[in-house]
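Let's take a walk through a protein model together. Have the sequence and the 3D view open, and turn the picture around as you read.

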Amino acid sequence: MNLYLLSPEISVFGLAIAVILLDLLPVRKGWLAAASVLGLGVPLGFAIALWGDWDNTFAGMLVVDQFSLFFKFLFLGVAALVILASADYVSKFPRFQGEYYALILFAAGGMMLLASTRELISIYIALELTAVSLAALACFLKDVRSTEAALKYIILSAISSAVLLYGMALVFGLSGSTRLEDIAAAVTAGRAWDSPPLLLGIVLLVAGFGFKIASVPFQMWVPDVYEGAPTPIAAYLSVASKAAGFAIVLRVFFSAFGQPETLSLDWGDLFAVLAAITMTLGNVMALPQTNIKRLMGYSSIAHAGYIMVGLASVTLISRDLGQSGVLFYLSAYTFTNLAAFIAIIAISNRVGSDLIADYAGMVRRAPVLALALAFAFISLIGIPPTAGFMAKIYIFNAGIQNDLTWLVIVGVINSVISAYYYLRVIRIMFLAKPVSEEKVPSSPALRLSLTLTTVGVLVVGLVPYPLLRAAEIAVRAFS
Amino acid sequence: MNFPILSIILLLPAVGAAIIIAFPWLQLRGIRMVALAFTLVPLALALTLYILWSTGDIGFADLEEKRQWIPSINAFYHLGVDGLSLPMVLLTTLLGSLAVLVSWKVPTRQREYFAWLLVLETGILGVFTSLDLLLFFLFWEVELIPMYMLISIWGTGRREYSAIKFVTYTLLGSALMLTGILALYFSTGSFSMLELANLSSASLTRQVLPLSTIFLLIFAAFAIKLPMFPFHTWLPDAHTDAPTAVSVILAGVLLKMGGYGMIRILVGIFPQQARDFAPLAVALAVVSVLYGAAVTLRQTDLKRLIAYSSVSHMGYVLLGIFALTPTSLTGATLQMFSHGLVTGLLFALVGLVYDKSHERDLRRLGGLARQMPIIAVVFSVAGLASLGLPGTSGFAAEFTTFVGSFTSPNVDDIKIYTLLGMLGIVVTAGYILWMLQRAFYGPPQEKFGDVPDASLLERVPIFTLMVAAVLVGVLPMLLTDVIREAPVIARVGDVLALWPR
């Protein structure tokens with residue numbers, strides 16, 4: 001039992017508790033955010049120090065490999081940015097700031113743990129740890145909308161957990177183990193790989209994980225929860241929770257069910273069909289939206305669909321393209337969506353409304369915010385020079401190399417559809433008459449986080465290779 | 001690895017933009033100086049390259065830059081110039097620095113204005129120097145955002161409508177082009193323009209779309225940019241409502257991205273499909289020439305008139321390209337260069353006339369030669385160059401184009417099309433001379449009594465462009481000797497002979 005391998009998670013949880021304790025002292029609340037962000041340097045340092053020490057602990061339940069560290073860096077970065085972006089927003093619940101930051105950290109710790117697990121029970125525990133923290137965060141505003149959002153989230157999360165557990169039970173029953181490598185061994189040993197119960201188990205796992213990544217048929221919570229939850233938490237859900245879902249899907253499916261190819265092609269087809277439905281549904285439903293947070297919710301569903309193209313890319317010779325495509329797309333999407341959400345947070349802090357109509361003429365009231373939001377939307381459409389463009393090219397290339405031309409065509413058509421609703425917001429911001437002439441200022445913390453994410457979108461759009469290389473190294477854990 | 005001179009030319013304007021944005025304490029004087037310096041140095045470098053190139057001291061291999069960009073999808077940061085792109089780079093850097101001079105007195109938000117102008121120049125230079133399709137597409141899109149900002153913030157008239165119309169048209173074309181480029185990549189696994197040159201369906205590893213479909217997708221984007229009838233309607237709006245310097249860039253180099261792309265990508269990669277499609281393209285070219293000229297004849301707004309004349313003049317470029325002979329392609333490239341100089345000059349002059357007299361309507365202008373003799377003389381020279389008077393760049397370019405296309409073996413009945421196209425010159429002479437007469441000649445008018453002539457600062461760009469236009473007219477071989485050596489132009493006949501019609 002090597003606890004050092006768990007040091008990033010342990011230090012995040014320690015930091016969360018420290019933040020709660022700090023809240024008890026008579027300090028200015030602003031220190032809490034600063035302490036949380038700076039404190040994240042400790043787990044980051046541990047994660048960097050762990051690079052190269054590929055090992056596992058707790059009898060193989062937890063593993064430190066390139067893949068888990070990639071996601072640990074991602075979650076730490078997202079948590080820091082979300083805390084920065086919350087710096088103004090927390091004035092809506094002044095008494096509970098300590099708990100708010102601590103819950104963000106707990107959720108981040110849960111997701112980091114999730115990226116490291118390779119055993120069904122610990123996967124389940126990490127998932128629940130994340131889901132409970134996020135549900136508590138969703139109801140932080142304590143108004144009708146926020147409470148409803150949290151309730152929806154927790155109920156649907158419970159249902160999907162039940163489905164997931166049922167799938168896990170079936171897989172365990174057939175393979176006799178909860179460890180992914182033992183499952184893989186049992187499956188390839190020919191005892192189970194084409195039996196209907198195993199396929200049923202896999203379908204149930206897909207459905208259960210589908211809740212996390214906001215894929216059909218567990219997507220309906222997304223717009224409601226995004227609309228009701230505090231906006232920084234919606235941002236957190238849209239990037240970190242989705243990334244965690246994809247991390248565990250990659251881990252489970254390629255570790256346990258990656259061989260033989262006939263089996264992977266079976267579930268690859270399932271993901272392909274779900275991808276097509278998910279992206280189409282997300283984009284079509286986004287078209288008539290009038291609330292920017294609901295729009296972002298449907299857009300997040302659509303992007304889950306694009307990312308699933310990578311999950312559907314399962315042929316043995318070029319599946320690594322799909323896997324690294326998922327990682328690269330998730331990172332690009334993280335920068336882009338956080339930039340968009342931070343701009344939305346800054347605007348709605350002052351305007352007090354999430355209606356797209358109230359964004360009219362925003363370029364005259366807040367030129368930097370409007371430009372940043374427009375740039376993020378351009379990245380979400382997939383127009384260069386942005387991260388979103390590179391991500392789409394890369395993941396669609398993976399699809400083509402895996403003989404999924406039809407799915408890529410569906411994806412391209414969907415990108416065109418999505419251009420319509422993103423451009424509509426841009427047009428309203430730039431061309432419509434402003435509803436008021438009042439300027440929309442933003443705080444230094446928001447400006448810092450917005451600058452970091454926007455520069456990230458641009459840099460990944462121009463020089464994508466370092467990040468892409470990191471993604472390619474990360475998925476070597478599966479080969 | 002070569003000394004990255006092309007990267008330096010390409011990135012200097014963007015660096016200038018970054019400096020202008022990054023140092024908020026920079027005063028207006030400083031901003032202008034930075035903008036001027038970061039456009040003049042690329043111009044000096046481009047001019048040096050051009051001189052060394054035409055004396056044969058440097059060649060393609062000395063300037064090529066190729067670095068890994070996205071190895072996983074085989075995309076390279078691959079820059080290079082040949083006889084086709086070098087004149088375009090020279091033109092872009094020249095008009096880029098003159099545009100800074102033209103916008104010296106821009107009234108509002110100068111910091112943003114010059115930053116966008118510099119970013120725009122980097123985007124255009126990137127298009128002309130990229131040898132990788134993905135990089136090309138990236139630069140193709142980079143130009144869009146500054147253009148939108150420049151028109152919608154500093155423009156006049158219905159500027160926001162014009163800006164969004166420009167963006168919508170270009171984005172539509174871009175989406176089609178991206179589909180084409182991706183289909184090409186998925187079929188071949190390469191983004192390299194050099195590797196893909198003279199593609200035939202036998203060399204595909206996988207057929208995602210038929211080559212002719214890919215050709216049409218990419219053609220659409222270039223046709224919109226050129227612009228070709230019937231995709232030209234964004235042009236008069238954008239040109240008319242843009243601020244003067246942006247009109248200069250727009251007419252001077254932005255349209256050339258379309259013509260350049262057609263030669264570099266369509267003729268270079270798809271020669272067979274280009275020949276199959278040539279009859280339709282040539283017919284549309286003639287329609288563009290004649291329709292553009294006819295509509296120009298009806299314009300009463302000075303700026304709109306020049307804008308519409310571009311549709312007609314870029315029609316010659318299309319004719320020259322799809323006649324697919326070395327001479328016609330040389331002529332088309334020379335016509336692009338000449339049109340860049342002449343129309344850039346005309347827009348700069350229209351801007352001056354409007355600044356001084358606050359009048360652009362030909363029905364109310366008149367007799368301005370009395371008040372602004374210098375502008376009137378330069379305007380007349382530019383007008384004559386535009387209608388193709390011998391001794392000006394317009395004559396050399398149009399003459400080469402017509403000679404090249406008249407004798408083309410690649411399109412049936414090309415002689416008739418060429419003759420029809422030549423009718424456009426007659427109409428051009430009509431509207432140019434009529435415009436000059438109505439604006440500058442006739443009795444001097446009372447209301448323009450105290451209108452001043454061009455100041456010393458304003459004379460620099462217009463004299464430079466006028467001298468350049470005359471120089472190219474008198475010594476066209478300065479350019480043609482370089483242009484006709486470009487592989488895509490020099491070898492088009494041999495390449496097409498591989499696949500007899």
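Below, we look at each chain in turn and then stop at a couple of residues.

## Before we start

One thing to keep in mind: this is a predicted model.

## Chain A as a whole

Start with chain A, which is built with 20 helices and two strands. If you draw a box along the principal axes, the C-alpha atoms of chain A fill roughly 70 × 55 × 40 Å. How does its radius of gyration fit with a compact globule? A compact globule of 479 residues would come out near 23 Å, and chain A has 21 Å, which agrees.

Now for the inside and the outside. Of the 479 residues in chain A, 64% are buried. The accessible surface of this chain adds up to about 16000 Å², and 70% of that belongs to carbon and sulfur atoms. Chain A also carries 28 positive and 26 negative side chains, with 10 Å between the centres of the two sets.

## Two domains in chain A

The domain assignment splits chain A into domain 1 (1–254) and domain 2 (260–479). Taken over C-alpha atoms, the centres of these two domains of chain A are 21 Å apart. How many residues does each domain bring to the contact? Domain 1 of chain A brings 49 residues, while domain 2 of chain A brings 54 residues.

Sequence distance is worth a look here too. Take the contacts in chain A between residues at least 6 apart in sequence: 81% of them join residues at least 24 apart.

## A stop at Ala432(A)

Let's zoom in on one residue. Ala432(A) sits in the loop between helix H18 (405–431) and helix H19 (444–462) of chain A. Is it buried or exposed, or something in between? Its relative accessible area is 26%, so Ala432(A) counts as partly exposed, since that label covers values between the 20% cut-off for buried and the 50% cut-off for exposed.

Leaving out residues up to four places away in sequence, Ala432(A) touches Ala360(A), Gly361(A) and Arg427(A). For a sense of scale, try finding Gly173(A): from Ala432(A) to Gly173(A) is 259 residues in sequence and 61 Å in space, C-alpha to C-alpha.

## Chain B as a whole

Over to chain B, which has 23 helices and two strands. Its radius of gyration is 22 Å, close to the 23 Å that the globule rule gives for 501 residues, so chain B is as compact as a globular protein of that length. Along the principal axes, the C-alpha trace of chain B spans about 70 × 60 × 45 Å.

In chain B, buried residues account for 64% of the 501 residues. About 16800 Å² of chain B is exposed, with carbon and sulfur atoms supplying 67% of that area. As for charges, chain B has 30 positive and 29 negative side chains, and the centres of the two sets are 6 Å apart. Among contacts in chain B between residues at least 6 apart in sequence, 82% join residues at least 24 apart.

## A stop at Ala376(B)

Our last residue is Ala376(B), found in helix H17 (residues 373–387) of chain B. With a relative accessible area of 3%, Ala376(B) is buried; the cut-off for that label is under 20%.

What does Ala376(B) touch, not counting residues up to four places away in sequence? The answer is Ala369(B), Phe440(B) and Tyr441(B). Val353(B) is 23 residues from Ala376(B) in sequence, and their C-alpha atoms are 9.4 Å apart in space.

Methods
Residues numbered from 1 in each chain as written. Chains lettered and ligands numbered in written order. Predicted model: local features only at pLDDT ≥ 70, side-chain atom pairs only at ≥ 80, totals over all residues. Heavy atoms only, no water. Helix = DSSP H or I, 4+ residues; strand = E, 2+ residues; numbered from the N terminus. Rg over C-alpha atoms; globule rule 2.2 N^0.38 Å. Buried < 20%, exposed > 50% of the residue type's maximum accessible area, 1.4 Å probe, protein only. Contact = heavy atoms within 4.5 Å. Areas by Shrake-Rupley, 256 points an atom, 1.4 Å probe, with all protein chains shown as cover. Lys, Arg positive; Asp, Glu negative; His and termini not counted. Charge placed at Lys NZ, Arg CZ, Asp CG, Glu CD. Domains from an automatic or database assignment.
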